[in-house]
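Open the model in your viewer and keep the selection tool at hand. The stops below follow one strand outward to its neighbours and then to several charged pairs.

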Amino acid sequence: MNDDILYSPDVVDFIFRKNSCYQQYILTHPGLITAHSIDDAYIICYATKDAFIEMASHMGTDYINNVPYIVGLTDQESLEASGITAIQQQPFLNLKGRGVLIGFVDTGIDYTQEIFRYEDGSSKILSIYDQTIPGKPPANFPFGTEYTNEQITAALSSENPYDLVPHRDTEGHGTFLASVAAGRQIGDFIGAAPDAEIVMVKLKKAYPFYLEEYCVPPEQENAFESTSVMIGVQYLLQKSRELNRPIAICIGLGSNYESHHSYGFLEEYLYYTCNIPGVCTCTSVGNESQSRHHYSETFSQEGTPKDIQIRVGPNAGDLFVVITNRISDRISLSLRSPTGEVVSRIPARSAYTFTAQFVLEPSRISISYYFPLMGSGDQISIVRILNATSGIWTITVYGDIIINGRVDAWLPITGFVAPDVEFLSFNPYNTVTAPATGFGTIRCGAYNSFRNSLYPRSSWGPTRVESSVPDLVAPGYRVGGFYPTGYGYMDGTSVSAAITAGACALMLQWGIVEGNDLGFCTPLIRAYLIRGCSRSDLIEYPNPQWGYGALNLLQTFMTMRQL
């Protein structure tokens, strides 16, 4: 199959668990373009929009579980504060990542940067999987182009490298994270694991169908699908197996477009892969604590109805609101516009969507209900307001069945909704973004290592299902690194995850490459890092901001010595 067709704006992808009862119907449907299997557990399908709508009618309530959600970037002297420099310089350990891979699922990498090149001019990037360029995908992958180390090194020695390897990182995010985690020493700069080698996946932008479905602003270029992230992680693990090397994976992405219940396909897949010896995955918790994008309330049956109010500025565009409640409860919604136009209470029926066009203003709305969700059994309600009028919008929550009484609502992460859109009553807790809401990975928050204070925007835990998130914090304020344009700084939990991934690469070298513990995987490394965290006598741990404390790799090894 020519993969060009998968870049058509008329294509939609979706995912389901292998051996689902409707699998045979979908795989034999004439509108199916192709299907891609992930670890013999999940099937990602590609179809035309019309065919997808027809297929979706056979999925029932499972539809909401099968559509990917949109993720975006979580961005906004660090190695010394993390105890990494001391480990690099410790003569008996001499850990710099030798024999270990560090993998990224991100915006790509500027492979021409000197920090990614050895003294002989060859590249320390072993491969790049660019999902945005049709042509020659990796074996058994559905789309994109793979560039090998040999091709990258040949390009570097040519007069016009981009003629041979046209891959670019136009955003600079992936380049920066790779430099922080694995950049070679240049002057006073050195990455956390400078001898580790790099595998990079550049994610392709989400299909137009989902950009519209999730009300993604048209100017937002860094909108990727969770299914593309899964394919990227699958590629990283495949390279790890091919090269017989351990791998630390950095995922500096986040989303508020799902229910935060930890049971989505991406979260489940990461949990499964985290338990493979030789694999350690780090995720960023997001930068949402001060964005006013989370609402939370607990009320009784008698305490409903309850209003959720959203302040909307002028020319805000489209809004997407996710509202969740527990398995024991059922809620229904009504909506009031800033001018007082009302959509009366819409009864909650699973997989039902109500739409309406307002009379006195240009806004169009939809209210969708889905329950019970895969894994949790919870209910998710989705409110879309297209061409939202400025002013106060009010979503009224009615308790059809209230036993637990907890209701949460989220607006999209910063950059995926207008900056002047916010909940009037907001809650900074439970602002961890997916996939860090899931189990298994090392969930990284950010702190200011200069002042030993929390980075203000770092998302706070807990999650809806786990109290001890984040696991730890790492430097995430004015961290130095390299963009395609040269040296600069980055704030946010993406860079915290990159520093932690570099520390994990050093742990993998000690455990796997040097044979001290061939069982090293994410849960083991996570436990060692948590035990070695720096902690303050003034803070009780774990807590929703700092997790178990600040990353301190030297202290981690000191703790391991005592075992």
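In S12, which residue is the bridge partner of Ala 248? It is Cys 280. Note before going further that this is a predicted model.

**Stop 1: strand S12**

Select residues 279-284, which make up strand S12. Six of the six residues are buried. Now colour the two sides separately. Val 279, Thr 281 and Thr 283 lie on one side, Cys 280, Cys 282 and Ser 284 lie on the other, and both faces are covered. The split follows a general pattern: side chains in a regular strand alternate between the two faces of the sheet.

**Stop 2: the neighbours of S12**

Add residues 247-251, strand S10. S10 and S12 run parallel and are joined by five bridges. The pair of Ala 248 and Cys 280 can be picked out here.

Next add residues 442-448, strand S24. S24 also pairs with S12 in the parallel sense, over three bridges. Within S24, Arg 443 stands opposite Thr 283.

**Stop 3: Arg 443 and Asp 471**

Stay on Arg 443 and show its side chain. Arg 443 forms a salt bridge with Asp 471, and the closest N and O atoms are 2.7 Å apart. Asp 471 sits in the loop between strand S25 (453-454) and strand S26 (472-475), while Arg 443 belongs to strand S24, so the salt bridge ties together parts 28 residues apart in sequence. Asp 471 has a relative accessible area of 0% and is therefore buried. Arg 443, at 1%, is buried too. Extend the selection to Glu 466 and Arg 526: salt bridges with shared partners join these two, Arg 443 and Asp 471 into one network.

**Stop 4: Glu 422 and Arg 292**

Select Glu 422 and Arg 292, whose salt bridge has its closest N and O atoms 3.4 Å apart. Glu 422 is in strand S23 (residues 421-423), and Arg 292 is in the loop between S12 and strand S13 (294-298); the two are 130 residues apart. Is each partner buried or partly exposed? Glu 422 is buried at 17% relative accessible area, because the cut-off for buried is under 20%. Arg 292, at 25%, is partly exposed.

**Stop 5: Asp 400 and Arg 330**

Finish with Asp 400 and Arg 330, a salt bridge with its closest N and O atoms 3.4 Å apart. This pair links strand S21 (residues 391-401), which holds Asp 400, to strand S16 (residues 330-336), which holds Arg 330, across 70 residues. Asp 400 is partly exposed, with a relative accessible area of 22%, and Arg 330 is partly exposed at 30%. For the whole model, the count comes to 18 salt bridges.

Methods:
Residues numbered from 1 in each chain as written. Predicted model: local features only at pLDDT ≥ 70, side-chain atom pairs only at ≥ 80, totals over all residues. Heavy atoms only, no water. Buried < 20%, exposed > 50% of the residue type's maximum accessible area, 1.4 Å probe, protein only. Helix = DSSP H or I, 4+ residues; strand = E, 2+ residues; numbered from the N terminus. Pairing = 2+ DSSP bridges. Salt bridge = Lys/Arg side-chain N within 4 Å of Asp/Glu carboxyl O.
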